[in-house]
Amino acid sequence: MSKILVCYKWVLDEQDIRVNAADASLDSSRAKYKISDYDKNAIEEAVLLQEGQGATVDAVTFGGDAVKQSLKDLLSRGPDKVFYIADPSADKADGYVTAGVIAAAARKTGPYDLIICGEGSADSYNQQVAPRLAANLGLPSITYVQSLKLEGGRVVATRKLGDCTEVVTVEGPAVVSVVPEINKPRIPSLKQVLAAAKKPAEEIKIADLGLSPKQLTAKTVSLTVKGFVMNRKNILFKEPAQADNVAKLVAALAKEGVC
Amino acid sequence: MSADEKFDAIIIGAGPAGAACAYVLAREGKSVLMVERGVTAGSKNVTGGRLYTYAMEMVEPGLYKRAPLQRKVVREQIMMLGTKSAVTVDYADFEFGEDVPQSYTVLRAPFDEWFAAEAEAKGAMVATGILVDELLEENGKIVGIKAGEDEMYADVVIAADGVNSLIGQKTGLRSDITPHLVGVGVKEIIELPDDVIAARFNLSGDEGAARLALGCTEGTSGGMFFYTNKGSVSLGIVFNPEQAAKRGKKIQEILQDLKMHPAIAPLIEGGTTAEYGAHLVPEVGLSGMPKKLYRDGLVMVGDAAGFGINTGVIIRGIDLAIVSGLAAANAVIEADGAAAVGPLYEKQLEKLSLMPSMRLFAGWHNILEMPRMFSEYPALANDAMRFMFTVDGKVPARMDKAMLQIVRRHVTFGQLLADGWRGYRAL
Ligand SMILES: Cc1cc2nc3c(=O)[nH]c(=O)nc-3n(C[C@H](O)[C@H](O)[C@H](O)COP(=O)(O)OP(=O)(O)OC[C@H]3O[C@@H](n4cnc5c(N)ncnc54)[C@H](O)[C@@H]3O)c2cc1C
């Protein structure tokens with residue numbers, strides 16, 4: 001039976017992040033977390049393979065302390081077991097560090113016949129982790145995957161490339177990254193949610209991965225993250241007659257050069 | 001059916017009623033499953049909100065200290081709005097803030113999520129993002145629930161699914177809601193810095209204000225509420241949908257008019273709306289409750305059972321939901337056999353003073369349903385004030401005559417008598 005690893009990131013829900021009007025800084029103090037959207041596709045694809053042809057599915061995540069909150073949600077989506085690396089250093093990690101950490105973890109928990117990632121994360125969407133992970137593990141990398149088959153030891157994938165598609169076949173194991181078109185992640189059922197409570201979740205300490213300080217130091221340093229603010233004019237027309245309001249509105253729009 | 005598929009109790013809905021019930025049952029060692037349709041507990045819930053602390057103390061002394069509560073309410077305010085005027089009564093009682101403070105403002109999203117997590121920490125299973133579609137029935141007895149394809153069994157099912165309880169309807173205990181049984185609540189959370197809130201409402205530290213206003217719904221039965229939180233204020237209106245529809249006013253228009261009122265606008269000036277929501281409120285108190293709150297294998301708690309008290313100056317729902325959840329939990333713990341739960345639940349409702357309170361306030365909605373409460377009387381109060389405070393160099397009218405005129409301008413003596421009688425009988 002094949003063994004699949006699916007990688008996911010526990011990200012802040014962008015809907016909850018607010019932009020401070022004054023300096024365009026981001027306020028995420030009230031933001032909740034979620035499993036990164038494309039990673040839900042990756043998880044669903046792993047589970048479809050598991051259901052379709054029998055496979056065991058492990059999941060792995062690297063993040064700050066908050067990743068512990070993700071385990072129940074993750075397991076209710078179908079994977080058999082989850083490994084998590086919870087370390088504050090994850091906040092500063094870039095694709096290089098993250099891929100290194102996950103590769104080291106996969107060497108410990110593997111070997112795997114297939115590793116599935118989302119094409120990019122919902123927060124920074126750098127599309128770095130899957131190809132770097134492949135390079136790190138010395139495996140072929142297939143990106144932009146919109147349909148996927150496992151035929152014996154072989155991975156057959158259709159890649160979405162602008163206005164055409166490409167079918168590639170590689171001898172596994174391989175690392176693939178999937179696009180949202182690949183499937184529609186299901187909503188976990190009551191029994192799945194209850195079953196999740198009984199599935200194993202295992203912590204891997206970052207210190208036990210044998211990575212050097214250099215390997216844990218990001219190569220990309222983000223200097224600032226700012227929101228995009230569109231300033232509203234907040235003009236209120238309060239004439240008693242509606243027609244006057246309309247006239248004033250048209251005049252104001254004309255002055256702005258929008259009509 | 002395997003052992004994993006059978007629980008001592010399944011609770012439908014993780015609002016305050018469900019969470020309180022789950023918390024107590026789990027703490028007492030019962031196997032409990034609480035199912036919530038929202039992605040997280042609280043994500044679907046709308047409340048003013050203020051929570052009267054006694055209810056949390058009944059669940060467990062000191063529990064409220066762990067809860068993400070907002071400000072302890074020491075200022076109780078009533079406002080009567082005229083078109084461009086307002087009479088405001090501000091009752092500051094600092095004893096309300098001492099020892100165990102009498103009440104706190106709350107935001108439901110963090111509160112409900114916290115309460116569900118507390119129940120989970122005590123050992124309850126909490127499944128969110130799942131809608132319960134059906135009840136399972138065998139020989140006239142409720143034996144479990146169905147969510148999607150999944151069936152789950154329990155000795156007792158507790159319907160804590162809120163005001164528009166589908167589960168209650170499915171049991172036949174509740175009929176479908178009708179417009180006169182409920183109010184519609186619309187609410188916004190407006191963010192403001194804490195120092196601004198403190199200055200505008202005359203508060204210090206973690207003190208809070210709760211304000212209710214009449215006369216803001218243009219003669220439609222209903223009122224406005226205003227609560228100060230940490231870093232935000234909640235404001236909204238609760239009104240009768242039937243009357244509002246007759247007047248052809250849209251919900252948003254009524255709330256927008258209110259926010260533009262010259263006595264309200266400065267309170268929220270510069271704030272940003274962070275959340276907007278609408279929800280039903282059980283309005284008619286005791287007479288809106290189902291005749292029976294249980295069936296073999298099922299009890300109803302909280303809004304699902306119609307627990308709610310609205311006196312015009314006090315809105316109570318969350319506290320009653322919590323106490324009814326506690327009553328159901330106590331009944332399940334005491335009962336030997338599922339059939340005993342329902343009758344024991346009714347006894348608990350008496351013992352915990354819930355039904356006696358509902359009975360005491362049974363007639364109050366008659367007062368609140370008088371349209372004059374929301375238009376003529378607030379206007380009258382404002383006119384009386386205007387008369388008393390007007391100085392324009394002319395000779396004012398004599399006080400007694402002027403007052404009489406003001407009263408006549410708004411109501412006839414017949415109406416006054418009728419309302420007075422109706423009010424007296426309602427008490
Ligand atoms: C605008 C407004 C202002 C209010 N202000 C106050 C106030 O200041 N103070 C106060 O004490 N009360 C106030 N109330 C009343 C108070 O909100 C309710 O009385 C209280 O929420 C009732 O709690 P509950 O647990 O019974 O129901 P709810 O809080 O409604 O919880 C029911 C839960 O069940 C879930 N659910 C429903 N159906 C299903 C299903 N089929 N399957 C799974 N889950 C389901 C819902 O998602 C919800 O989480 C206000 C209400 C409104 C609308």
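Colleague: What makes up the domain assignment of chain B?

Modeller: It gives domain 1 (3-73 + 106-179 + 288-362), domain 2 (182-282) and domain 3 (366-426). This is a predicted model. The C-alpha centres of domain 1 of chain B and domain 3 of chain B lie 43 Å apart.

Colleague: How do you know where the ligand lies relative to domain 1 and domain 2 of chain B?

Modeller: Look at the shell around the ligand. Both domain 1 and domain 2 of chain B give residues to the shell, so the ligand lies between them.

Colleague: What makes a residue part of that shell?

Modeller: One of its heavy atoms must lie within 4 Å of the ligand. By that rule 37 residues surround the ligand. The closest are B:Glu36, B:Thr47, B:Arg108, B:Asp303 and B:Ile318. By class, the shell has 17 nonpolar, eleven polar and nine charged residues.

Colleague: Why is the pair between B:Arg37 and the ligand called a polar contact?

Modeller: A polar side-chain atom of B:Arg37 lies 2.9 Å from an oxygen atom of the ligand. The cut-off for a pair of N or O atoms is 3.5 Å, so this pair counts. Two backbone atoms pass the test as well. A backbone N or O atom of B:Ala17 lies 3.0 Å from a ligand oxygen atom. A backbone N or O atom of B:Val132 lies 2.9 Å from a nitrogen atom of the ligand.

Colleague: How much of the ligand does the protein cover?

Modeller: The protein covers 97% of the 1,000 Å² of accessible area that the ligand has on its own. Several elements of chain B give two or more residues to the shell, including helix 1 (16-27), strand 15 (272-282) and helix 9 (318-334).

Colleague: How do you know which residues make the contact between the chains?

Modeller: They have heavy atoms within 4.5 Å of the other chain. The contact takes 15 residues from chain A and 23 residues from chain B. The area buried between the two chains is about 1,400 Å², and carbon and sulfur atoms give 59% of that area. A:Leu190, A:Lys191 and A:Leu194 supply 43% of the area that chain A buries against chain B, more than any other three residues.

Colleague: What makes A:Ala24 worth a look?

Modeller: Most residues other than glycine have a negative phi. A:Ala24 is not a glycine, yet its phi is positive, about 60°. A:Ala24 is found in the loop between strand 3 (18-19) and strand 4 (26-27) of chain A.

Colleague: Why is the bond between A:Gly110 and A:Pro111 called cis?

Modeller: Its omega is about 0°. Most peptide bonds are trans. A:Pro111 is in the loop between helix 3 (95-109) and strand 8 (114-118) of chain A.

Key:
Residues numbered from 1 in each chain as written. Chains lettered and ligands numbered in written order. Predicted model: local features only at pLDDT ≥ 70, side-chain atom pairs only at ≥ 80, totals over all residues. Heavy atoms only, no water. Polar contact = N/O pair within 3.5 Å; in protein donor to acceptor, adjacent residues only side chain to side chain. Areas by Shrake-Rupley, 256 points an atom, 1.4 Å probe, with all protein chains shown as cover. Helix = DSSP H or I, 4+ residues; strand = E, 2+ residues; numbered from the N terminus. Nonpolar A, V, L, I, M, F, W, Y, C, P; charged D, E, K, R; others polar. Domains from an automatic or database assignment. Buried area = accessible area lost by both parts, 1.4 Å probe.
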